[in-house]
Amino acid sequence: MATRHVVIGGGTAGMNAIRTIREEEAARSEITLVSAEKPYSRMVLPYYLDRSIAESHVFTATPRVLADWGVKAHLGRRVTALDAKANACTLDDGTTLEYDDCLIATGSSAVRAPVPGADGRGVHSFWTLDEARAVLAEIAPGSHVVMVGAGFIAFTILNSILALGAKLTIVEMEPRILPRMIDDAGATLVEGWLAKHGVAIRTGARLATIEDAKGRKRLRFAAGGDIVCDVVIMATGIKTNLEWLKGSGVTINRGVIVDDHLRSSVPNVYAAGDIAEGRDLITGEPAVHAIEPTAQEHGRVAGANMAGKDVRYRGSLIINIVEVCHLDVASFGAWDEAKAEAASGVKPDRPAYRKLLWRGDRLTGAIILGPSSDIWTTNDVGMLKGLVQSGVSLARFKAYLKRNPFDIKPAFIASKTTSALLPETILGRPSKAPGNTPVAV
Amino acid sequence: MTTASLRAPSKRPTPSAARQPQDGYAGKLLRVDLAKKKCWAEPWSPDAMRELVGGVGLGAMILYRETATKGGKGNVSWDHPDNRLVMATGPMAGLPAWGSSGLTVVTIGAGTNGPTSTQANGFFGTNLKYSGYDAIIIQGHAPDWVYLYINDDVVELRDARDLLGKDTWATQDTLSAKLGLSGHMLSVYSIGPAGENLARFAAIQGDYGHVASKNGCGAVMGKKKLKAVAIVRGTKALRASDPRGLMQAADDIGFDLRTDPSAKSLYEYGTLPGVVNLSRLGALPIKNYTTNVSSVDMSQWEAPKLREGFDHRGHQCSACGMHHCHMSVIRQGERKGTIVDEPEYEGWSGAGWAIGAMSDIEGVAWLNTELDKACLDVNEFGWICGWVMECQEKGYITEEQLGFRLKWGDIKGAARLIQMISHRQGFGNLLAEGVKRAAEKLGSPAKDCAIYTERGAAPRGHDHRARWDEMLDTCTAATGTLESGVPVHPTEVGQPARINTFDGEAVAKFIAGIRGRRNFEDSLGMCIFTTRTRLENLCRALNAATGWDVTVPETVRFGRRTSAILRAVSLRCGHTPDLERPSTRYGSTPIDGPAKGQAVGAQWEKMVDTWYREVGYDRKSGKPLPATLKELGLDWLTKDLWGKRA
Amino acid sequence: MLATATNVLRIHPEKCTGCLRCELACSYMQTGTFHPAKSVIRVSPFEGHTSYAPYTCTQCAEGWCMTACPVGAITINAAGAKDVLDDTCVGCKLCTIACPYGTMFYDPDTRKAFKCNLCGGAPACAEACPTAAITYEGTATEDWLGEFARVRSARVLAGVR
Ligand SMILES: Cc1cc2nc3c(=O)[nH]c(=O)nc-3n(C[C@H](O)[C@H](O)[C@H](O)COP(=O)(O)OP(=O)(O)OC[C@H]3O[C@@H](n4cnc5c(N)ncnc54)[C@H](O)[C@@H]3O)c2cc1C
Ligand code: SF4
Ligand code: SF4
């Protein structure tokens with residue numbers, strides 16, 4: 001009998017796993033997908049929001065593709081319980097699915113600040129396609145949008161809101177923006193840049209209530225004046241979708257604890273993506289990295305192992321980039337490690353900032369800011385990732401880079417980072433192009 | 001590129017590459033007023049581009065229009081705030097023809113106090129055009145030292161006081177470090193101490209080893225208190241009218257340069273073979289023209305030997321495939337490990353043979369770079385240093401006068417002289433006035449040993465007593481330096497392939513006959529060496545870049561028009577035809593060597609007469625004749641030069 | 001030059017003179033204009049203005065850019081190069097931070113990512129290089145620049161020019 005794989009969650013991790021199973025398996029297996037939503041990529045939603053792409057563009061697999069891949073799909077269905085002992089899970093329509101192995105890839109969802117009115121009309125999260133549709137339906141040119149929270153997700157949709165011709169105000173509880181993506185110096189630069197581009201920012205603002213005000217919304221704060229606006233977007237954080245795993249027998253901490261094969265405490269149950277707590281490449285510690293590249297790598301590694309391969313995962317690296325009104329803001333690895341040795345530089349004549357963080361001779365984290373049109377920035381963004389990812393010894397260049405944090409190229413090349421990186425692959429073989437997944441006959 | 005690349009590009013053109021009004025051009029001129037501390041962009045029309053092309057064509061017209069004194073009869077002098085310093089490139093700059101980053105400096109120079117056109121390359125033109133400008137026109141005097149910073153649309157005059165006293169290489173190092181830009185991301189053209197202290201043969205040096213050297217243009221920059229021009233590699237696009245045609249033409253030119261016998265040795269070794277080749281003709285200047293017989297084994301001066309002697313590294317100009325413009329790391333001796341610019345022929349001659357340094361090859365290479373760093377013209381330095389050496393030997397300049405004893409071939413002494421001249425210390429203050437003024441100050445017999453033209457210029461690094469064509473060209477050119485230049489294919493413009501260079505009549509006809517081409521080349525934003533192909537190829541490349549239909553005769557006509565305009569400026573500067581002759585030594589007769597006994601002096605007046613007749617200028621006043629101007633389409637100039645009645 | 005699917009751009013750094021002609025040719029292929037700021041091959045300077053070498057995508061086996069793309073906009077073309085499909089790319093820049101070599105670029109004008117696609121099998125840079133410092137050969141890719149750069153960065157590090 002063919003192996004039965006059940007994949008729970010058809011987001012990035014789940015779909016990467018399915019593709020990889022098909023690429024790696026020796027004998028054709030049975031794949032069942034259960035997903036509360038159709039397979040699409042959340043991180044493409046900002047481009048749907050600014051209407052630069054159609055809604056159809058966000059989907060990562062259509063029913064036709066799923067059929068081609070030979071995937072039996074339960075779309076719009078949730079798994080409500082997992083019984084690891086019985087090798088079975090139960091769906092919200094009562095269906096029970098038995099499996100030989102299964103993948104937990106249910107991702108995370110948005111949480112709203114716990115204030116009165118947070119669930120009222122005109123108040124939105126921006127995490128799912130449905131939520132994106134709702135926001136899109138409400139923003140018109142000239143609308144005043146208040147974004148509650150100045151974290152990464154808020155910033156991914158900032159350009160789109162401006163592109164729709166809306167007026168934007170950002171309110172943040174903490175004293176600064178992007179607290180989990182860049183340091184104070186970088187944040188100061190970005191705040192200045194946003195102000196220049198007509199975005200109002202209110203930091204250190206504790207939201208008290210959201211009220212209806214003659215068809216509009218009134219935001220009251222613990223201190224300072226009210227804000228009246230048309231649309232409120234709550235980008236106040238996310239939580240992992242774990243509730244349904246209670247009593248399943250799978251060990252859970254902040255996420256599902258996984259080993260270097262993306263296996264949970266139950267050997268035939270895997271977890272991947274936002275929900276998984278796997279190894280952080282830099283610290284070696286377990287961590288939840290709710291980012292797209294981690295979901296992809298997790299998904300692929302899990303998929304390969306489910307297909308019978310023995311693929312070890314070295315760990316995931318935090319990498320983030322947002323574009324803020326043509327200013328690129330990116331950070332890598334342990335950019336906020338307080339104990340790390342750090343060197344930074346600012347260019348006075350254009351908004352450009354670099355911060356390099358070291359542990360011994362290795363670069364363990366970096367922050368980079370620069371205009372998107374700046375040809376030096378794009379080059380260095382990737383090289384910084386390569387230096388952090390490969391962990392090559394930069395001993396020769398350390399003092400130089402501390403003096404010249406902008407001169408990454410010679411250090412990267414002369415430290416033979418390319419040599420270190422070339423043999424590296426996630427699956428131990430060259431990757432296949434997206435269209436090359438074996439198709440069912 | 002071979003035909004394989006002649007496919008449509010893979011991506012559609014990007015919006016930022018929106019069509020400029022004229023293909024091939026960036027489309028704007030950058031005007032800098034140092035006194036008012038203002039910089040602004042001036043548009044220039046496609047018609048003006050077609051008429052003036054760029055480089056010297058554009059610069060000559062700017063001088064003509066903007067440097068006249070009231071009434072239009074006289075001209076401002078080099079040190080007047082109204083003097084213009086034009087740093088122009090041209091339509092080919094930034095495009096893929098070899099060596100296409102050309103800088104032409106046009107100004108009223110401190111050497112002759114008359115018009116100048118002098119070239120360099122590196123990455124000036126490329127960086128400037130990708131920033132959106134075809135030329136920089138600088139006017140006024142800055143109240144305090146500044147440098148000009150150009151980064152796309154950010155154009156600023158910045159404080160340069162901390163750069164003062166730094167040599168040109170250190171200036172570029174400092175700016176690169178300060179701006180955090182390495183390699184060709186930043187092109188810097190600057191002056192060293194010689195320019196700051198207004199030495200009359202100060203040059204403008206850029207990008208480690210490229211020098212716009214003639215006629216004291218560095219002193220003009222110094223007078224304007226402009227220490228440097230620093231251009232960040234711009235991020236704009238340049239559109240060619242027919243990009244594939246341009247690449248084809250560029251490849252054909254490259255092919256010519258690699259294979260044509262007249263260009264091949266230049267392709268392989270740059271100007272290095274000049275040393276041995278010219279010594280065979282008696283045109284290698286040895287010890288200030290006192291002899292033409294080498295006392296050393298010439299085999300060590302063969303080009304391959306010269307190059308192999310160093311750890312040599314490429315350092316080409318934009319898009320260039322010539323094995324020219326190299327950097328050399330000195331392999332041995334006391335300066336082991338030092339990086340120097342591989343000297344051009346002119347360097348080996350000016351910092352070597354002319355001053356009697358004929359065996360310390362590393363020393364000459366080092367001295368040549370010291371000149372670049374101080375920003376002194378290597379040619380005039382050769383003549384001045386050789387002259388001092390000869391005069392000391394003969395007792396015309398005493399040890400007390402100079403402050404030390406300077407013997408033939410003394411590299412360290414010559415380096416000391418560089419410092420004295422660039423800082424105008426002691427006797428160096430007089431020498432900084434240039435060879436002609438210094439010689440006239442001392443008078444005979446010292447004066448009779450000095451090599452210069454009466455106009456006040458210094459010849460290039462040859463012994464022109466064996467190259468009368470270049471002597472005539474040097475003396476008659478409005479710019480004080482080669483205006484005709486012997487082209488690769490003289491037959492292309494109806495001249496004989498070869499002439500007897502000791503037949504004054506033939507020489508004069510030849511030099512007059514080839515006029516035009518050089519000015520055209522110097523307007524393209526290319527290098528004089530990478531234009532060593534048939535004019536027809538250059539036209540093809542230019543037309544592909546611009547969409548024009550320029551023909552070979554038109555290039556010559558354009559060049560001659562530019563010459564006439566430059567001459568009009570030089571006349572305003574008071575340069576009369578009686579200044580068009582060599583100094584006593586320059587025009588003397590070689591006493592030995594291959595050209596022994598060839599007396600240019602005997603034929604000089606007749607040569608000049610013939611030249612005037614052939615070019616259609618008035619022998620007495622020096623003015624281009626109305627008929628000549630009419631033929632060139634310069635009727636407006638006739639009015640200016642000859643008054644209404646003409 | 002005959003292109004096979006396994007051909008790679010081989011860099012001979014000791015031959016590079018820093019003329020940047022490859023960047024001009026590349027930008028023409030990428031944009032239809034001469035626009036070095038949009039070249040995907042970039043010449044890096046090393047010490048004392050005497051050492052340069054072009055640097056571009058190695059078409060690495062992992063294809064970090066390709067696997068990172070959330071919409072599958074990066075594929076492998078006939079020449080074996082990872083290539084961006086313009087109409088699929090949404091311009092999210094994830095590939096630019098995923099590529100650890102710094103060879104994935106973003107064009108703010110088109111709002112698309114772009115990279116070396118080996119010109120579909122006839123790389124313009126190799127054809128443009130006047131000194132054959134870039135060749136297109138059937139060989140395994142390597143770190144062509146590392147050793148050269150190591151040697152030629154000594155002066156920079158020592159602070160001498
Ligand atoms: C607007 C936005 C912008 C973003 N931008 C970036 C970015 O620029 N860079 C970056 O790295 N990351 C970004 N992210 C984050 C990124 O999208 C996530 O990290 C990634 O989607 C995680 O993938 P995943 O497969 O783990 O989870 P998801 O993609 O969230 O997929 C989870 C799937 O599981 C389904 N599901 C949930 N519960 C159940 C259940 N009980 N039963 C069945 N199915 C269930 C869901 O419906 C969903 O289909 C962004 C996210 C958003 C919302
Ligand atoms: S762009 Fe980077 S990640 Fe993509 S194939 Fe090239 S080297 Fe690999
Ligand atoms: S920028 Fe384009 S090619 Fe790159 S990851 Fe995003 S969608 Fe894919």
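**A friendly note on a three-chain predicted model**

1. A132(C) is a good place to start: with a relative accessibility of 32%, A132(C) counts as partly exposed. That label applies because the value falls between the 20% limit for buried and the 50% limit for exposed. On chain C, look for A132(C) in the loop that runs between α4 (124-128) and β8 (134-138). The backbone deserves a glance too, since A132(C) has a positive phi, near 55°, and is a residue other than glycine. Please keep in mind throughout that this is a predicted model.

2. Chain B offers another residue of this kind. Y289(B) is not a glycine, yet its phi is positive, at about 70°. You will find Y289(B) in the loop between α9 (274-281) and α10 (303-308) of chain B. Is Y289(B) buried or exposed? Y289(B) is buried, and its relative accessible area is 3%. The label follows because anything under 20% counts as buried.

3. While you are on chain B, have a look at the peptide bond that leads from S444(B) to P445(B): this bond is cis, and its omega is near 5°. P445(B) sits in a loop of chain B, with α17 (435-442) on one side and α18 (468-476) on the other.

4. One more loop of chain B is worth a visit. K214(B) is found between β11 (210-212) and α6 (217-223) of that chain. K214(B) is a lysine that counts as buried, at 4% relative accessibility. Which residue does the side chain of K214(B) contact? Its partner is N379(B), and the two side chains are joined by a polar contact of 2.6 Å.

5. Now to chain A, which is split into domain 1 (4-109 + 239-306), domain 2 (123-236) and domain 3 (326-421). Notice that domain 1 is made of two stretches of the chain, 4-109 and 239-306. Taken over C-alpha atoms, the centres of domain 1 and domain 3 of chain A are separated by 33 Å.

6. Ligand 1 is where two of these domains meet in one shell: domain 1 (4-109 + 239-306) and domain 2 (123-236) of chain A each give at least three residues to the shell around ligand 1. There are 32 residues around ligand 1, and those that come nearest are A13(A), E37(A), R42(A), D274(A) and E292(A). By class, the shell of ligand 1 holds 16 nonpolar, 10 polar and 6 charged residues.

7. Some of the atom pairs at ligand 1 can be picked out by eye. E37(A) places a polar side-chain atom 2.6 Å from an oxygen atom of ligand 1. The backbone takes part as well: a polar backbone atom of A13(A) is 2.8 Å from an oxygen atom of ligand 1, and for a polar backbone atom of A290(A) the distance to an oxygen atom of ligand 1 is 3.4 Å. On its own, ligand 1 has 980 Å² of accessible area, and the protein covers 97% of that. Two or more residues of the shell come from each of these elements of chain A: α1 (12-24), β2 (30-35), α5 (152-163) and α7 (292-306).

8. Helix α1(A), one of those elements, merits its own point. From first C-alpha to last, the 13 residues of α1(A) reach 18 Å, close to the 18 Å expected at 1.5 Å a residue. Since 13 of the 13 residues of α1(A) are buried, the helix is largely enclosed by the rest of the structure.

9. Elsewhere on chain A, I319(A) belongs to strand β22 (residues 319-324). I319(A) is buried, and its relative accessible area is 3%. I319(A) and A366(A) are 47 residues apart along the chain, with 9.6 Å between their C-alpha atoms.

10. Chain C has an enclosed helix as well. In α1 (residues 21-31) of chain C, 11 of the 11 residues are buried, so this helix is largely enclosed by the rest of the structure. Among the buried residues of α1(C) are R21(C), E23(C) and Y28(C). Just after α1(C) comes G32(C), with a positive phi of about 85°.

11. Finally, ligands 2 and 3 are surrounded by residues of chain C. Around ligand 2 are residues including C57(C), C60(C), C65(C), C99(C) and K115(C); its shell has 7 nonpolar, 3 polar and 2 charged residues. Around ligand 3 you will meet, among others, C69(C), C89(C), C92(C), K93(C) and C95(C). What classes make up the shell of ligand 3? That shell has 10 nonpolar residues, 1 polar and 1 charged.

How values were computed:
Residues numbered from 1 in each chain as written. Chains lettered and ligands numbered in written order. Predicted model: local features only at pLDDT ≥ 70, side-chain atom pairs only at ≥ 80, totals over all residues. Heavy atoms only, no water. Domains from an automatic or database assignment. Near = heavy atom within 4 Å. Nonpolar A, V, L, I, M, F, W, Y, C, P; charged D, E, K, R; others polar. Polar contact = N/O pair within 3.5 Å; in protein donor to acceptor, adjacent residues only side chain to side chain. Areas by Shrake-Rupley, 256 points an atom, 1.4 Å probe, with all protein chains shown as cover. Helix = DSSP H or I, 4+ residues; strand = E, 2+ residues; numbered from the N terminus. Expected span 1.5 Å × (residues − 1). Buried < 20%, exposed > 50% of the residue type's maximum accessible area, 1.4 Å probe, protein only.
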